[in-house]
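Visitor: Please show me this protein and walk me through it. I am new to it.

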Amino acid sequence: MKRGLPKVNVEGLKSFIPEDEIFQWLEKTKNPTPERVREIIQRSLDKNRLEPEEMATLINADSPEMAEEIFEGARELKERVYGNRIVLFAPLYIGNECINNCQYCGFRCSNQEVARKTLTMPELDNEIEALVNRGHKRLILVYGEHPNYDAQFIHDSVKEVYAQKHGNGEIRRVNINAAPLDREGFELVKSAGIGTYQIFQETYHQATYKQQHPSGPKSEYLWRLHGLDRAQEAGIDDVGIGALMGLTDWRFETMALLYHTIHLEERFNVGPHTISFPRIEPAIGTNTSDYPGVSDYDFKRLVAILRLSVPYTGLILTCRESVELRNEIIKFGVSQIDAGSDIGVGAYSTQGDESYKKSQFVLSDGRSLDQVIRELCEADFIPSFCTGCYRLGRTGEHFMEFAVPGFVKRFCTPNAVLTFLEYMEDYSSPETKKVGMKQIERELDRMPEGDQKDKLTERIEQVKQGARDLYF
Ligand code: SAM
Ligand code: SF4
């Protein structure tokens with residue numbers, strides 16, 4: 001049944017992003033003392049979500065010495081709260097038709113240079129087969145905004161993904177990055193069993209927003225700003241926020257992400273499940289060189305500051321960034337990365353054709369999943385494909401990791417080990433398996449003796465014997 005796109009309705013909606021107040025905080029907190037900065041870092045290490053004044057102070061602590069202390073604080077927080085596991089996922093572009101005209105995006109309707117394509121269901125199946133056969137378990141499905149991609153279509157494509165089984169594997173969690181829906185639309189999509197629904201505001205700065213989104217439904221700032229409220233009202237309690245960094249001053253956007261977080265906490269008692277901070281990348285037929293951008297150094301600062309400011313939320317870093325930068329940033333707080341990504345529509349199953357012509361922008365990190373995994377292990381991370389929490393109804397998992405003492409040790413690390421072992425049994429190259437098995441041994445050595453370790457050891461044996469999808 002076709003529902004069509006929702007009717008954009010901003011009646012009664014107000015912005016919860018106080019632009020003047022943000023600029024005032026950024027002004028008032030200039031030149032902070034090292035003592036004040038340390039005090040704030042300590043408050044974060046004590047697991048408090050920071051206040052806007054405190055985040056602004058960290059943003060203004062921009063001397064190299066202070067920045068180093070912020071990086072160090074973020075590294076420590078990440079280790080204390082999340083341990084050394086990194087959750088892996090892949091993006092899957094379902095279609096690049098779009099009726100919006102976002103100036104930075106290759107998919108905008110005025111771009112003649114992009115080849116338009118929507119996967120048919122058999123083509124979607126081929127993509128899933130290719131992804132499952134590489135070892136993926138978690139996907140984010142990405143859609144343009146178009147009457148063909150209404151809530152029913154999103155629902156049906158999610159169902160199609162879950163219905164696929166290939167060899168020993170299947171996709172176990174499907175997240176969505178798509179246009180904001182109305183409440184009924186969100187309810188329908190939720191009923192397909194989605195994980196997180198992500199909507200990036202792109203820029204929280206209204207004047208910039210207006211200029212960057214001249215036409216189409218996305219031109220309504222407030223409809224988008226309140227999109228995740230409607231998702232929450234529809235029962236989707238894992239929502240992902242984000243800003244496209246580089247369109248305007250990153251300091252403003254980072255502050256606004258905190259205000260959005262506080263708004264969700266106040267209204268729904270739960271902050272965002274994830275925060276994303278994609279940086280603007282070159283796109284086919286699109287001139288992205290005129291934007292203010294964000295330097296690598298400031299980008300690192302913004303990630304560390306977000307980590308400290310919202311300690312309970314998962315941070316996502318994508319293949320838009322280079323390998324070197326990703327390796328560095330992973331250490332201070334990122335908990336999820338994509339790997340082996342291809343963002344051309346249909347690109348996973350039709351390798352080597354001109355899929356870039358159907359891509360939204362250009363990726364920097366072109367490593368395969370296997371290579372990323374090997375390098376993660378070499379750097380003492382434990383790759384995870386875990387979907388346990390969400391399937392046991394423990395939604396808001398990052399909140400629990402953070403709030404429940406021992407949660408990571410009890411659930412996350414063992415589940416990372418089991419899902420990673422599955423990967424090695426079924427998909428990995430011999431080189432990666434060698435490095436990966438050593439990493440699993442290291443993890444077991446780090447676990448205290450006791451019931452949990454015994455259970456994990458038992459399940460490791462079961463996976464080696466062919467059992468799959470075991471989790472705590
Ligand atoms: N069409 C939906 C929307 O706009 O919300 C969802 C998918 S859109 C394809 C996913 C995200 O890609 C956007 O929210 C935007 O942040 C990001 N994006 C768009 N153009 C980009 C570019 N040139 N470089 C990096 N990220 C970009
Ligand atoms: Fe369309 Fe999304 Fe690209 Fe905007 S960012 S042009 S809405 S696909």
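What follows is a short tour in questions and answers.

Guide: This is a predicted model, in which local features need pLDDT of at least 70, side-chain atom pairs count only at pLDDT 80 or more, and totals for chains, interfaces and linings use all residues. Residues are numbered from 1 along each chain as its sequence is written, while chains are lettered from A and ligands numbered from 1 in the order in which they are written.

Visitor: Which residues does the UniProt annotation "domain: Radical SAM core" cover?

Guide: The annotation comes from an unreviewed UniProt entry. Its positions follow the numbering used here, its feature name is shortened, and it may be inferred rather than shown by experiment. The span it covers is residues 82–312.

Visitor: How far apart are the end C-alpha atoms of residues 82–312?

Guide: The span is 37% helix and 13% strand. Helices (H or I, at least four residues) and strands (E, at least two) are DSSP runs, numbered from the N terminus. The two end C-alpha atoms of the span lie apart by 9 Å.

Visitor: What distance separates the centres of domain 2 and domain 3?

Guide: The domain assignment gives domain 1 (19–78), domain 2 (84–367) and domain 3 (405–465). Such bounds come from an automatic or database assignment. Taken over C-alpha atoms, the centres of domain 2 and domain 3 are separated by 30 Å.

Visitor: Which classes make up the side of domain 2 that touches domain 3?

Guide: Seven residues of domain 2 are in contact (C-beta atoms, placed from the backbone, within 7 Å) with seven residues of domain 3. For the classes, Ala, Val, Leu, Ile, Met, Phe, Trp, Tyr, Cys and Pro count as nonpolar, Asp, Glu, Lys and Arg as charged, and the others, Gly among them, as polar. The domain 2 side has no nonpolar, four polar and three charged residues.

Visitor: Which residues surround ligand 2?

Guide: A residue is near a molecule if its C-beta atom, placed from the backbone, lies within 6 Å of it. By class, this shell holds four nonpolar, two polar and three charged residues. They are C98, N100, C102, C105, F107, R108, G144, E145 and K218.

Visitor: How many nonpolar residues are in the shell around ligand 1?

Guide: Ligand 1 is surrounded by 22 residues, the closest being C105, F200, L244, E281 and F361. Four residues of this shell are polar and four are charged. The nonpolar ones number 14.

Visitor: Is H213 buried or exposed?

Guide: H213 sits in the loop between α8 (206–212) and α9 (221–225). Beyond four places in sequence, its contacts are N100, C102, K218 and S219. A residue is buried if 20 or more other C-beta atoms lie within 10 Å of its own, exposed if 12 or fewer, and partly exposed in between, with C-beta atoms placed from the backbone. H213 has 23 such neighbours, so it counts as buried.

Visitor: Which residues touch the most other members of the largest nonpolar core?

Guide: A nonpolar core is a set of buried Ala, Val, Leu, Ile, Met, Phe, Trp, Tyr and Cys residues joined through C-beta atoms within 7 Å. The largest one has 131 residues. Its largest share, 10 residues, comes from helix α17 (residues 407–426). The residues touching the most other members are I70, L139, L141 and V303.

Visitor: Why does N111 count as partly exposed?

Guide: N111 lies in the loop between β1 (85–95) and α5 (121–132). Leaving out residues up to four places away in sequence, N111 touches G106, G285 and T286. N111 counts as partly exposed because its C-beta neighbours inside 10 Å number 19.

Visitor: What is the phi of N31?

Guide: Most residues other than glycine have a negative phi. N31 is in the loop between α1 (19–28) and α2 (34–45). N31 is exposed, with 9 other C-beta atoms within 10 Å. Its phi is positive, near 50°.

Visitor: How far apart are the C-alpha atoms of E72 and E328?

Guide: E72 lies in helix α4 (residues 64–82). E72 is partly exposed, with 13 other C-beta atoms within 10 Å. E72 and E328 are 256 residues apart along the chain, and their C-alpha atoms are separated by 12 Å.

Note on methods
Two residues are in contact if their C-beta atoms, placed from the backbone, lie within 7 Å.
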